[in-house]
Amino acid sequence: MTGTTAPRKGGRWIERWDPEDETFWRETGERTARRNLLYSILSEHIGFSIWSLWSVMVLFMGPQYGIDPAGKFFLIATATLVGALVRVPYTFAVARFGGRNWTVVSALLLLAPTVAALVVMEPGTSYGTFLAVAALTGVGGGNFASSMTNINAFFPLRKKGWALGLNAGGGNIGVPVVQLVALLVIGTAGAAHPRLLLVIYLPLIVIAAALALVRMDNLAPVRNDAGAVREAAKDAHTWIMAFLYIGTFGSFIGYSFAFGLVLQTQFGRTPLQAASLTFIGPLLGSLVRPVGGALADRFGGARITLATFVAMAAATAVVVLASVRESLPVFLVGFVALFALSGLGNGSTYKMIPGIFQAKALARGLDGEEAAAHGRRLSGASMGLIGAVGALGGLGINLVFRQAFLESGSGTAAFVTFLGFYAVCCAVTWAVYLRRPAAAQAPATAGTGAGTAAGTGKKVQLTSV
């Protein structure tokens, strides 16, 4: 069995794709899937860098810009909000235009916010203008949703945790990379030259789009399915997983955007001092995301997710203590731990999604490829919704920080709020995916989320999802 590529709609289209067939996967599928994964990661990486652009632009904005810390937090929050909202249409764009075609378009769209920032980034520009340009960077947040939906279709269920973790982790690294480039600019040219950072990214955007054009493929079998979207939207597990993803990815992106500004505002760091520390947490969080996916493949996503939330609550308690005592070293230890743990949780939660829907298919009496196809159909439809809601968690974090600094000049109250949220996430994960409510439920296969139903109509236990 081989996949065939034929010209269609002006692009490279693979007409047949069956990754669950081991012969097809070994002879054709794996090589093609890995190639598309590589260039998907590159484009998503640049997208994350542009989405998080204002996490470093605010470090360049000294007193001459006339914007207080609350105003800077709102700039960051605006970029987060738009990035979350565009994830829904970006998810459906893959099936409408093709994964390769949309990767090219979405990469080129990154030129708009980059050029706009290049034009306006100087003292005297109105706050409303800065707000509009920050909103434009939200298109970079959409790249994640389309990339994950595309790669989800390329890989078999047994490989999804690794593939989605690697794809997302490689994309997430775009956050610390843009922060490192900003550190380089501030350290060499000074904080008065933000345009140098933007000039560096313009050719990188074009390169990412060109490589996607010549090296990626579209999957013809991937189609938008309005019925699947409606079914996924009605399924409680879509919204439960969206809630948990707020706790993992929402934390990662929210902290990534806010870290440098918190260091400047609460601990009095200079732009160079803040930039020299800001990248560390996002870098670790990005690097461990594939590890979270791999651990979920082996031990089950729910187990890894629960352990992650427990550890995040403990790390947040350390941050609260450090904030009260104004201890920067302890604060950095706790905050960096939060980044690393959120990265693990990102990988494990995304692994859970296809497993949950395949387990439910088995509970309905489906089996084999039929169950796998049903799982792919609903998990693909749900990922856009889950990714969008999860990203809104980053908006929430920045708004909570803004309010805390407005009221007290400190982030302590914000961290106490986050601690309470992680406790709720622990309870939800345990109650829904790890508790054994009924002996009649059949066990799922560990690490895959695929279960065997005791009989048609019986629920499949999601413990090992």
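1. Leucine 166 counts as partly exposed, because its relative accessibility in this predicted model is 29%, a value that falls between the 20% limit for buried residues and the 50% limit for exposed ones. The residue lies in helix α9, which spans residues 157-172, and, when residues up to four places away in sequence are not counted, leucine 166 touches Leu37, Ile41 and Pro290. Its C-alpha atom is separated by 18 Å from that of isoleucine 386, a residue 220 places away along the chain.

2. The largest nonpolar core has 121 residues, and those with the most contacts inside it are Trp54, Met61, Phe130, Leu197, Tyr255, Phe331 and Phe401. Helix α13 (residues 236-267) supplies the largest share of this core, namely 16 residues. As general background, nonpolar side chains in soluble globular proteins tend to be buried together.

3. Phenylalanine 130, one of the residues with the most contacts inside that core, can be followed further. With its neighbours within four places in sequence left aside, phenylalanine 130 is in contact with Trp54, Met61, Tyr65, Ile67, Leu75, Val120, Met121, Glu122 and Thr125; of these partners, Trp54 and Met61 are themselves listed with the most contacts inside the core.

4. Two threonines may be read side by side. Threonine 129, placed in helix α7 (residues 127-136), is partly exposed, with a relative accessible area of 30%, and its C-alpha atom is 9.7 Å from that of alanine 117, the two residues being 12 apart in sequence. Threonine 78, in helix α3 (residues 69-85), is buried, with a relative accessible area of 14%, and, apart from neighbours within four places in sequence, threonine 78 is in contact with Leu131 and Ala135.

5. Helix α4 (residues 87-97) has as its buried residues Arg87, Tyr90, Thr91, Ala93, Val94 and Ala95. These buried residues of α4 pack against several helices, namely α1 (22-51), α3, α5, α8 (139-154), α13 and α18 (368-408). After α4 comes glycine 98, whose phi is positive, near 100°.

6. Helix α5 (residues 99-109) and helix α6 (residues 111-120) pack with their axes 5 Å apart and at an angle of about 10°, and the two helices are therefore roughly parallel to each other, since angles under 35 degrees fall in that class. On the α5 side the contact is made by Ala107, Leu108 and Leu109, and on the α6 side by Leu111, Ala112 and Pro113. Sorted by class, this contact of α5 with α6 has six nonpolar residues, with no polar and no charged ones.

7. Helix α13 also meets helix α15 (residues 280-299), the two axes coming within 10 Å and crossing at roughly 145°, and this crossing of α13 and α15 is left-handed. From α13, Tyr245, Phe249, Phe252 and Ser256 meet Pro282, Gly285, Ser286 and Arg289 of α15. By class, the contact of α13 with α15 has four nonpolar, three polar and one charged residues.

8. Helix α16 (residues 301-325) and helix α19 (residues 412-434) have axes that come within 9 Å and cross at roughly 165°, which means that α16 is roughly antiparallel to α19, as angles over 145 degrees are classed in that way. The crossing of α16 and α19 is left-handed, and by class their contact has 20 nonpolar, five polar and one charged residues.

9. Glutamate 326 deserves a check of its backbone, for its phi is near 55°, a positive value in a residue other than glycine. Most residues other than glycine have a negative phi. Glutamate 326 is placed in the loop between α16 and α17 (328-363), and at 64% relative accessibility this glutamate counts as exposed, the limit for that class being over 50%.

10. Glutamine 358 closes the list, lying in helix α17. At 10% relative accessibility, glutamine 358 counts as buried, the limit for that class being under 20%. The C-alpha atoms of glutamine 358 and glutamate 370 are separated by 9.5 Å, with the two residues 12 apart along the chain.

Conventions. Residues numbered from 1 in each chain as written. Predicted model: local features only at pLDDT ≥ 70, side-chain atom pairs only at ≥ 80, totals over all residues. Heavy atoms only, no water. Axes fitted to C-alpha atoms, helices over the stretch in contact; angles between N-to-C directions. Helix = DSSP H or I, 4+ residues; strand = E, 2+ residues; numbered from the N terminus. Parallel < 35°, antiparallel > 145°, perpendicular 65-115°, else oblique. Left-handed = near helix turned anticlockwise from the far one by under 90°. Nonpolar A, V, L, I, M, F, W, Y, C, P; charged D, E, K, R; others polar. Contact = heavy atoms within 4.5 Å. Core = buried A, V, L, I, M, F, W, Y, C linked by side-chain atoms within 4.5 Å. Buried < 20%, exposed > 50% of the residue type's maximum accessible area, 1.4 Å probe, protein only.
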